[in-house]
Amino acid sequence: MLMVAPELILNNFDTMLGSRIGRMIASLFPQDPELEKRRVITWHNQRDFIFFRHHRYEFNKDGSRAYLSEVGPRFTLKLHKLQLGTLDSKFGEFEYIYKPKDGVDRK
């Protein structure tokens, strides 16, 4: 079976850190400018969480409407650390480290 590279949607990766993470995610998938596939992978960044969803879409007979169905898997990620350069945990420089006390109080 021939595996076709999916279309990739990166949503809400607007900050400097977000654009860096978005480029890392995009590098995991082959770049193919022809948008003729039926598979879509969505990465959505919201409130320090990254949501992953995998969908398939189909058009109706006349092509006026597209129907979206989730095919899975789906998962949620939270960034804990982003390290610059080599992966040296003792002397490496960190671009981002998650600190729970810096979170937003949502009460």
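Partly exposed, in this tour, means a relative accessible area between 20% (under that is buried) and 50% (over that is exposed). Keep that in mind for R20, which comes out partly exposed at 26%.

**Get your bearings**

What you have open is a predicted model. Colour the protein chain by confidence first: its mean pLDDT is 85, and 88% of the residues reach 70 or more. Among the elements, strand β5 (residues 75-77) has the highest mean at 95, while strand β7 (residues 93-97) has the lowest at 86.

Now switch to a cartoon view. You should find 1 helix and 7 strands, and walking from the N terminus the order is β-α-β-β-β-β-β-β. The chain has 107 residues, and 21% of them count as buried.

**Stop 1: R20 and E95**

Select R20 and E95 and show their side chains. They meet in a salt bridge, 2.9 Å from N to O. R20 sits in helix α1 and E95 in strand β7, so this pair ties together parts that are 75 residues apart in sequence. E95 is partly exposed too, with 35% relative accessibility.

The salt bridge count is 3, so there are others to pick out. Try R56 and E58, whose side chains meet at 3.9 Å, N to O. Both are partly exposed, R56 at 36% and E58 at 46%. Then go to E70 and R74, where the closest N and O atoms are 3.7 Å apart. Here E70 is partly exposed at 38%, but R74 counts as exposed at 56%.

**Stop 2: the nonpolar core**

Which residues make up the largest nonpolar core? Select F13, I21, I25, F29, I41, W43, I50, F52 and L82, and you have its 9 members. Helix α1 and strands β2 and β3 each supply at least two of them. In soluble globular proteins, nonpolar side chains do tend to be buried together.

Zoom in on F13 while you're here. Leaving out residues up to four places away in sequence, F13 touches several others, including I21, I25, W43 and I50.

**Stop 3: H54 and its neighbours**

Move to strand β3 (residues 49-59) and click on H54. Is H54 buried or exposed? It is buried, with a relative accessible area of 13%. Its side chain makes a polar contact of 3.4 Å with the side chain of R39, and it also reaches the backbone oxygen of G72 at 3.0 Å. Show everything H54 touches beyond four places in sequence and you'll see R39, V40, I41, S69, E70, V71, G72 and P73.

Two of those neighbours deserve a click of their own. G72 and P73 are joined by a cis peptide bond, with omega at about -5°. You'll find P73 in the loop between β4 (66-70) and β5.

**Stop 4: two backbone oddities**

Most residues other than glycine have a negative phi, and most peptide bonds are trans. With that in mind, select N12, which has a positive phi of about 70° without being a glycine. N12 lies in the loop between β1 (7-11) and α1 (16-26) and is partly exposed at 38%.

Last click: R47. Its phi is positive as well, near 50°. Look for R47 in the loop between β2 (39-46) and β3, where it counts as exposed at 56% relative accessibility.

Conventions. Residues numbered from 1 in each chain as written. Predicted model: local features only at pLDDT ≥ 70, side-chain atom pairs only at ≥ 80, totals over all residues. Heavy atoms only, no water. Helix = DSSP H or I, 4+ residues; strand = E, 2+ residues; numbered from the N terminus. Buried < 20%, exposed > 50% of the residue type's maximum accessible area, 1.4 Å probe, protein only. pLDDT = per-residue confidence, 0-100. Polar contact = N/O pair within 3.5 Å; in protein donor to acceptor, adjacent residues only side chain to side chain. Contact = heavy atoms within 4.5 Å. Core = buried A, V, L, I, M, F, W, Y, C linked by side-chain atoms within 4.5 Å. Salt bridge = Lys/Arg side-chain N within 4 Å of Asp/Glu carboxyl O.
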